[in-house]
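Student: Please take me through one part of this structure closely, as you would at the bench. Then show me what else deserves a look around it.

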2 protein chains.
Amino acid sequence: MAPTYREIANHFRFKSTKAAADHVLALEKKGYLRRHTGRSRGIELTASVKRTGQETITVPIIGDIPAGTPEQKIEFQSGTISVDSTILDGIGHHRLFALKVKGDSMIGRGIYDGDWVIADADATPNENDVVVALIDGENTLKALALKENNFYLRVENPDYNDWVPVNELIIQGTAKALIRRI
Amino acid sequence: MAPTYREIANHFRFKSTKAAADHVLALEKKGYLRRHTGRSRGIELTASVKRTGQETITVPIIGDIPAGTPEQKIEFQSGTISVDSTILDGIGHHRLFALKVKGDSMIGRGIYDGDWVIADADATPNENDVVVALIDGENTLKALALKENNFYLRVENPDYNDWVPVNELIIQGTAKALIRRI
DNA sequence: CACTGTACTACACAAATGTATAGTGAGAAT
DNA sequence: ATTCTCACTATACATTTGTGTAGTACAGTG
């Protein structure tokens, strides 16, 4: 929670909120922070000031997600992976899960065999997003594509064919980050 | 910044702030968040939701490494990045540094513009490794290649030319991990 | 069927908060 | 000596925001 001008004034024993406001204004002019004018507690530290590396988020690694939403199948968890919260900026509080990429069907998007993908179960998947999907009972990582009002899974590798669902297509998460050991 | 009840109501298209307030109250009762009563934007996620991690390694982010070994130029540090120690398995005690990839000269190796690369200053660079190098005074990320007993930097993108050193080629680190926000 | 709880709407109001105007005193600059 | 800027105080006021009361629509229950 960012402080209010009264909280700042109180902390520094200023007897006027204007003193605090002036300081914040000066810091904004110098580029150390950003103000959301009008909004309460609308002070945000600039990325350069934000002390990264402090807070990390631990994401469960899931081997296979046979059905349902990932968090229902947490028993398939095979470990955890921790990353800086700034990497997952904005989605740190979402239900996240990690999985290891198998195969090279997504090399067109720079996702290779053996990479780790962190997916967000709470994000709304959009067309062209890389998604973790359950298609006709099989689990896979593909790009979500739309053709004639029907969603299908696009393979980002000319060597393979796209996956068009016969029965059902369930999006279990949207890829948000990628980690690779080189 | 935590949202206000009006922002929550607006987001979910509630026409009353009370609906939002009721939901927040319910979530508090269930233990998912804590309220600082009276304070504006006084909603905080519970620690159990935040899930801070176990063993992580914090790596300094270096903007530019003009010369010398990276750790000598730590003043160019622009932040830190933390990752699970298992990702950097075996090299956690090495001198590591992170940098943001500029340009698309390494797309052939699945390294894209904007990616984060974690490099190891202590690893012995081998042929074909992706390295952070200082070539004729310029800093770059390329593949280390050998031709007729002379090292040069190979670009993994057919649109660009390889970099052959005129004067000097200093390897500052070997790429060991890659992090991408999708 | 009436009853109950859920999930809201509509409205109100006090408190919290951002922001502005005017003024003061110390010290530096001219 | 006068002016000017800096760093604040004092005060005011319009918004923003948290919170409460009352009421509606509706699904489910006995």
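Tutor: Helices and strands here are DSSP runs, numbered from the N terminus: H or I over at least four residues for a helix, E over at least two for a strand. This is a predicted model, in which local features need pLDDT of at least 70 and side-chain atom pairs count only at pLDDT 80 or more, while totals for chains, interfaces and linings use all residues. Residues are numbered from 1 along each chain as its sequence is written, chains are lettered from A and ligands numbered from 1 in the order in which they are written, and side-chain values use heavy atoms, leaving out hydrogens and water.

Let's start with helix H2 of chain A. Its 13 residues, 17-29, reach 18 Å from first C-alpha to last, close to the 18 Å expected (1.5 Å times one less than the number of residues). A:Ala20, A:Ala21 and A:Val24 in H2(A) are buried, that is, under 20% relative accessible area, with exposed meaning over 50% and partly exposed in between (1.4 Å probe, protein chains only). Viewed down the axis of H2(A), the buried residues fall within an arc of 100 degrees, so they line one face of the helix; the arc is that of the directions from the helix axis to the C-beta atoms. An α-helix has 3.6 residues a turn, so residues three or four places apart point the same way. The cover over the buried residues of H2(A) includes helix H1 (5-11), strand S1 (33-35) and strand S2 (43-45) of chain A.

Now for the ends of this helix. At the N-terminal end, A:Ser16 caps H2(A), with a side-chain oxygen 3.0 Å from the backbone nitrogen of A:Lys18. Such a polar contact is a pair of N or O atoms within 3.5 Å; within protein, one must be able to donate a hydrogen and the other to accept it, and residues adjacent in sequence count only if both atoms are side-chain atoms. After H2(A) comes A:Gly31, with a positive phi near 90 degrees.

Elsewhere, the rings of A:Phe12 and A:Phe14 have centres 5.7 Å apart and planes at 25 degrees, so this pair is stacked (Phe, Tyr and Trp rings, the six-membered one for Trp, pair if their centres lie within 6.5 Å; planes under 30 degrees apart are stacked, over 60 edge-to-face, the rest tilted). A:Phe14 is partly exposed, at 26% relative accessible area. In chain B, B:Phe12 and B:Phe14 also form a stacked pair, 5.7 Å centre to centre with 25 degrees between the planes.

The chains meet at B:Arg180, which lies in strand S10 (residues 169-181) of chain B. B:Arg180 counts as buried at 9% relative accessibility, and its side chain reaches the backbone oxygen of A:Gly110 at 3.0 Å. Residues that B:Arg180 touches include A:Ile111, A:Leu178, A:Arg180 and B:Asp115, where contact means heavy atoms within 4.5 Å.

Finally, two loops. A:Glu148 sits between strand S8 (138-147) and strand S9 (150-154) of chain A; its phi is positive, near 50 degrees, in a residue other than glycine, and A:Glu148 is exposed at 72% relative accessible area. B:Asn128 is in the loop between strand S6 (116-120) and strand S7 (130-135) of chain B. Although B:Asn128 is not a glycine, its phi is positive, about 80 degrees, and the residue is partly exposed, with a relative accessible area of 40%.
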